[in-house]
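Please read the following walk through one protein chain with the structure open beside the text. Each paragraph takes up one part of the fold.

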Amino acid sequence: MRPEATLTLPSPVAGGVGPARATRLSGFTVTLTWTDESVGANQRNQPDQLGFTVMAPSGQNWTAPMSTSGTVNWKLDDTSKDYGAGAWTITVQGGNMGDVQPITGRPCLPLNLVCRPDTSNGWTLKMDWAW
Ligand SMILES: [Ca+2]
Ligand SMILES: [Ca+2]
């Protein structure tokens, strides 16, 4: 399973200032976290792999590499640049979503009820920005 979701930073409120209008940011960090589903005592849920990309209004983009650790962090490396006005786009990408297997490590045979595909992942994306 390879889920993908794209988010854009919210537009600033009318008359206000916000990341969609600011062309320079004094700081911007993005943290993606997730926890795989719990399974029965005789099962092991193999890790899920997620990461994300970040694209500035100017088109410059970065990749926060996929990981199975449950947390991926990204930080804007150069706050002196003008990244243009408009939406920043963050795309969460899923890699290999490890399936549920026997805790014994034995291979999954046909009709083995312990084994099943892992078809979901709930994640949280936290963004902190300043301008
Ligand atoms: Ca899994
Ligand atoms: Ca999962």
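Strand E2, residues 27-34, pairs with strand E9 in the antiparallel sense over eight bridges. Strands here are DSSP runs of type E with at least two residues, and helices are runs of H or I with at least four, numbered from the N terminus. Two strands count as paired if DSSP finds at least two bridges between them. Within this pairing, Thr33 stands opposite Thr124 in E9, and the bridge partner of Thr29 in E9 is Asp128. Strands of a sheet pair through backbone hydrogen bonds, either parallel or antiparallel.

The model is predicted: local features need pLDDT of at least 70, side-chain atom pairs count only at pLDDT 80 or more, and totals for chains, interfaces and linings use all residues. Residues are numbered from 1 along each chain as its sequence is written, while chains are lettered from A and ligands numbered from 1 in the order in which they are written.

E2 has another partner: five bridges join E2 to E6, and these two run antiparallel. Leu32 stands opposite Val72 in E6. The result is an open sheet of three strands in the order E6-E2-E9, with antiparallel pairing. Strand E6 (71-75) and strand E9 (123-130) stand at the edges with a single partner strand each, so one side of each has no neighbour in the sheet. The twist averages 10° from one strand to the next; axes are lines fitted to C-alpha atoms, for helices over the stretch in contact, and angles run from 0 to 180 degrees between N-to-C directions.

Which side chains of E2 are buried? Phe28, Val30, Leu32 and Trp34 point to one face and are buried, while Gly27, Thr29, Thr31 and Thr33 point to the other and are not. A residue is buried if 20 or more other C-beta atoms, placed from the backbone, lie within 10 Å of its own, exposed if 12 or fewer do, and partly exposed in between. In a regular strand the side chains alternate between the two faces of the sheet.

The largest nonpolar core has 13 residues, and Val30, Leu32, Leu50 and Val72 are among those with the most contacts inside it. Such a core is a set of buried Ala, Val, Leu, Ile, Met, Phe, Trp, Tyr and Cys residues joined through C-beta atoms within 7 Å. E2, strand E4 (48-55), E6 and strand E7 (89-97) each give two or more residues to this core, and E2 gives the most, with three. Leu50 touches Leu32, Val72 and Val92, among others, not counting residues up to four places away in sequence; contact means C-beta atoms, placed from the backbone, within 7 Å.

Two other residues are less enclosed by the cut-offs above. Ser67, in strand E5 (residues 61-67), is partly exposed because it has 16 C-beta neighbours inside 10 Å. Thr119, in the loop between strand E8 (100-102) and E9, is exposed, with 10 other C-beta atoms within 10 Å.

Last comes confidence. The mean pLDDT of the protein chain is 84, and 84% of its residues reach 70 or more; pLDDT is the predictor's confidence in each residue, from 0 to 100. Over residues 11-17 the pLDDT is below 50. Where pLDDT is low, the predicted coordinates should not be read in detail.

Note on methods:
Two residues are in contact if their C-beta atoms, placed from the backbone, lie within 7 Å.
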